[in-house]
Amino acid sequence: MPGPDTPTARCAIIVSHGQPSDPDPAEAGLAAFTADVAKALPGWRIESATLAAPGALDTQLEACPPDPLIYPMFMSQGWFTGDNLRKRLGSHPAQLLLPFGVDPHLPDMAAQLLQGVLDKATWSAAETQLFIPGHGSGRSPNSARDTYAFAEALKERIHFGEQRVGFVEQDPSLVDMATGLGPKSICLPFFAARGGHVVDDITEALEKAAFSGIRLDPIGCAPEAPALVARALRRAQVKEAAA
């Protein structure tokens with residue numbers, strides 16, 4: 001932990017949605033992820049809070065030095081990571097960063113991850129199908145917009161024989177998009193963590209679709225995800241110092 005006179009000391013809070021019906025597991029999962037981010041940022045104070053855990057964000061805002069960086073561990077840029085989160089910050093001065101799902105370096109990380117999977121399976125991208133399940137929404141276009149943007153950016157980096165996107169809460173559905181995928185296929189959920197949608201909805205859809213390919217953890221659980229977040233925080237600090 002840096003001392004009060006350390007000029008490079010910086011505080012950041014990683015914030016996720018969490019699980020309102022059972023907030024503790026999501027809080028613990030985010031705390032573990034945050035600990036991995038902190039390993040890449042010696043001298044920083046890195047905290048975490050889910051919006052679903054009562055008082056968690058307020059507690060961290062009170063404990064951190066003024067003007068912390070706020071990193072949304074969300075997959076899309078919209079109401080939760082904009083108006084809602086700013087309202088939750090209240091009068092606390094803080095710098096709100098872009099969410100994880102729209103980080104411009106995320107497609108590069110995903111492409112490297114997928115290439116590693118292909119190499120291990122001894123498959124070529126051209127003979128493999130990729131399925132990207134996303135959240136979607138019946139009320140806002142933001143989730144689908146950012147899921148499709150990620151998918152299109154990924155296409156520029158790695159050329160699969162076919163790439164499909166399906167959603168939990170809107171069309172095209174997970175089952176429709178997963179049906180007919182062959183044994184040489186990969187499922188990469190566009191989610192930040194292994195919550196209910198991943199564990200229940202995606203698993204159920206893949207079973208209904210008789211999906212027999214490789215099932216990956218959500219992109220937010222990828223081994224390189226903490227380093228990606230750490231780099232985003234470091235870049236924000238550099239920009240702030242140059243301003």
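Q: Over how many bridges do β5 and strand β7 (residues 185-187) pair?
A: This is a predicted model, and β5 is a strand at residues 129-134. β5 pairs with β7 in the parallel sense. One bridge partner in β7 is Cys-187, which is matched with Phe-131. The number of bridges between β5 and β7 is three.

Q: Which residue in β6 stands opposite Leu-130?
A: β6 covers residues 162-167. β5 and β6 pair in the parallel sense, over six bridges. Leu-130 belongs to β5. The residue opposite Leu-130 in β6 is Gln-163.

Q: Is the crossover from β5 through α5 to β6 right-handed or left-handed?
A: The helix on this path, α5, spans residues 142-155. The chain leaves β5, passes through α5 and arrives at β6. This β-α-β crossover is right-handed.

Q: How many of the six residues of β5 are buried?
A: Buried means under 20% relative accessible area. On one side of β5, Gln-129, Phe-131 and Pro-133 are buried. On the other side, Leu-130, Ile-132 and Gly-134 are buried. Both faces are covered, and the count of buried residues is six.

Q: What is the order of the strands in the open sheet of four strands?
A: Start with β1, residues 11-16, which is joined to β2 by six bridges. Four bridges join β1 to β3. The pairing in this sheet is parallel. The order is β2-β1-β3-β4.

Q: Why is one side of β2 and of β4 (95-96) left without a neighbour in the sheet?
A: The strand order is β2-β1-β3-β4. β2 and β4 stand at the edges, so one side of each has no neighbour in the sheet. The reason is that each has a single partner strand.

Q: Which residue is the bridge partner of Ile-14 in β2?
A: β1 and β2 run parallel. β2 spans residues 45-50, and five of its six residues are buried. The partner of Ile-14 in β2 is Ser-48.

Q: Which residue in β3 stands opposite Ile-13?
A: β3 covers residues 69-72. β1 and β3 run parallel. Opposite Ile-13 in β3 stands Ile-70.

Q: Which helix joins β1 and β2 in a right-handed β-α-β unit?
A: β1 and β2 are parallel strands. The unit they make with a helix is right-handed. That helix, residues 23-39, is α1.

Q: How many residues are in the largest nonpolar core?
A: Phe-100, Ile-219 and Leu-233 have the most contacts inside this core. Leu-233 touches residues including Ala-12, Val-37, Trp-44 and Leu-97. The size of the largest core is 47 residues.

Q: How many residues are in the other core, with Cys-11 and Ile-70 among them?
A: This core lies apart from the largest one. Val-15 and Ala-56 are among its residues too. Its size is 15 residues.

Q: Which element gives the most residues to the lining of the largest pocket?
A: The pocket has a volume of about 1,300 Å³. It is lined by 39 residues, and those nearest its centre are His-17, Gly-18, Phe-74, His-135 and His-197. The elements that give two or more residues are α1, α3 (80-89), α5 and α7 (196-208). With five residues, the element that gives the most is α1.

Q: Which residue with a positive phi follows α3?
A: In α3, Thr-81, Gly-82, Asn-84, Leu-85 and Leu-89 are buried. Elements that cover the buried residues of α3 include β1, α2 (56-63), β3 and β4. After α3 comes a residue with phi near 60 degrees. That residue is Gly-90.

Q: Is Thr-122 buried or exposed?
A: Thr-122 sits in the loop between α4 and β5. Its phi is positive, about 55 degrees, although Thr-122 is not a glycine. Exposed means over 50% relative accessible area. At 66%, Thr-122 is exposed.

Q: What is the relative accessibility of Ala-210?
A: Ala-210 lies in the loop between α7 and β8 (214-215). Ala-210 has a positive phi, near 55 degrees. Ala-210 counts as exposed, and its relative accessibility is 58%.

Q: Which residue does a cis peptide bond join to Asp-171?
A: The partner is found in the loop between β6 and α6 (174-178). Omega of the bond is about -5 degrees. The residue joined to Asp-171 is Pro-172.

Technical notes: Residues numbered from 1 in each chain as written. Predicted model: local features only at pLDDT ≥ 70, side-chain atom pairs only at ≥ 80, totals over all residues. Heavy atoms only, no water. Buried < 20%, exposed > 50% of the residue type's maximum accessible area, 1.4 Å probe, protein only. Pairing = 2+ DSSP bridges. Right-handed = clockwise from strand over helix to strand, strands pointing away. Core = buried A, V, L, I, M, F, W, Y, C linked by side-chain atoms within 4.5 Å. Contact = heavy atoms within 4.5 Å. 1 Å grid on protein atoms, 1.4 Å probe; cavity = no way out; pocket = protein on both sides within 12 Å on 5 of 7 lines; lining within 4 Å. Points joined across faces, edges and corners; volume = space filled by probe spheres on them. Lists of a residue's contacts leave out its neighbours within four places in sequence.
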